[in-house]
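User: I would like to work through the fold of this model with you, beginning with how its helices and strands are packed. Could we take it one question at a time?

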Amino acid sequence: MTQLLNEASLVSQEAAADSTDALRHFERLLTLETDCWDVHEAMKGGSPDFVLLDVRGPQSFQVGHLPGATNLPHGKINERNLSSYAIDALFVVYCSGPHCNGADRAAAKLARLGKKVKKMIGGTEGWKDEGFDLTTG
């Protein structure tokens, strides 16, 4: 019971960040993440200003992926496999969804290589939840 009371108190005024800290935190998140809706809107024009990477394995990619995505599993992200992209390219990475950390792994590898990167939160599951279709093949 004490555990429940302690956890409940985390959703109180005294456990809340002040507005300056909250603003800094959420603005920072927006520099690191994007969502399915924003990616969909950017892809509609046909010339997005980012490279969309599906970082799951080839079999998952074949079953269904975002239109316009390139498959590059997170385990294969290296300088050689990125050499055809502009040095200042922005990469948007995604995996299956919130239950998968493949996009986080890919984002970390890209950042280690000095690349600009954002993670698309939600992954393919979020994409489908928004009502958007996946492409097969």
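Analyst: In this predicted model, helix α2 (residues 19-32) lies across β1 and β5, and runs at about 100° to β5.

User: In what order are the strands of the open sheet arranged, and which strands stand at the edges?

Analyst: The open sheet has five strands with parallel pairing, in the order β1-β5-β4-β2-β3. One such pair is β2 and β4, which are joined in the parallel sense over four bridges, and in β4 the bridge partner of Asp54 is Tyr94. Because each has a single partner strand, one side of each edge strand is left without a neighbour in the sheet, and these strands are β1 (33-35) and β3 (70-71).

User: Which element gives the largest share of the largest nonpolar core?

Analyst: The largest nonpolar core has 15 residues, and Leu53, Val55, Ile77, Phe91, Val93 and Leu110 have the most contacts inside it. Two or more residues come from each of β2 (51-54), β4 (90-94) and α6 (102-112). The largest share of this core, four residues, is given by α6.

User: Is Lys119 buried or exposed?

Analyst: Lys119 belongs to strand β5 (residues 116-121), and its side chain makes a polar contact of 3.0 Å with that of Asp104. Beyond its neighbours within four places in sequence, Lys119 is in contact with residues including Leu32, Thr34 and Val93. Since its relative accessibility is 18%, and the cut-off is under 20%, Lys119 counts as buried.

Definitions and conventions:
Residues numbered from 1 in each chain as written. Predicted model: local features only at pLDDT ≥ 70, side-chain atom pairs only at ≥ 80, totals over all residues. Heavy atoms only, no water. Buried < 20%, exposed > 50% of the residue type's maximum accessible area, 1.4 Å probe, protein only. Polar contact = N/O pair within 3.5 Å; in protein donor to acceptor, adjacent residues only side chain to side chain. Contact = heavy atoms within 4.5 Å. Core = buried A, V, L, I, M, F, W, Y, C linked by side-chain atoms within 4.5 Å. Pairing = 2+ DSSP bridges. Axes fitted to C-alpha atoms, helices over the stretch in contact; angles between N-to-C directions.
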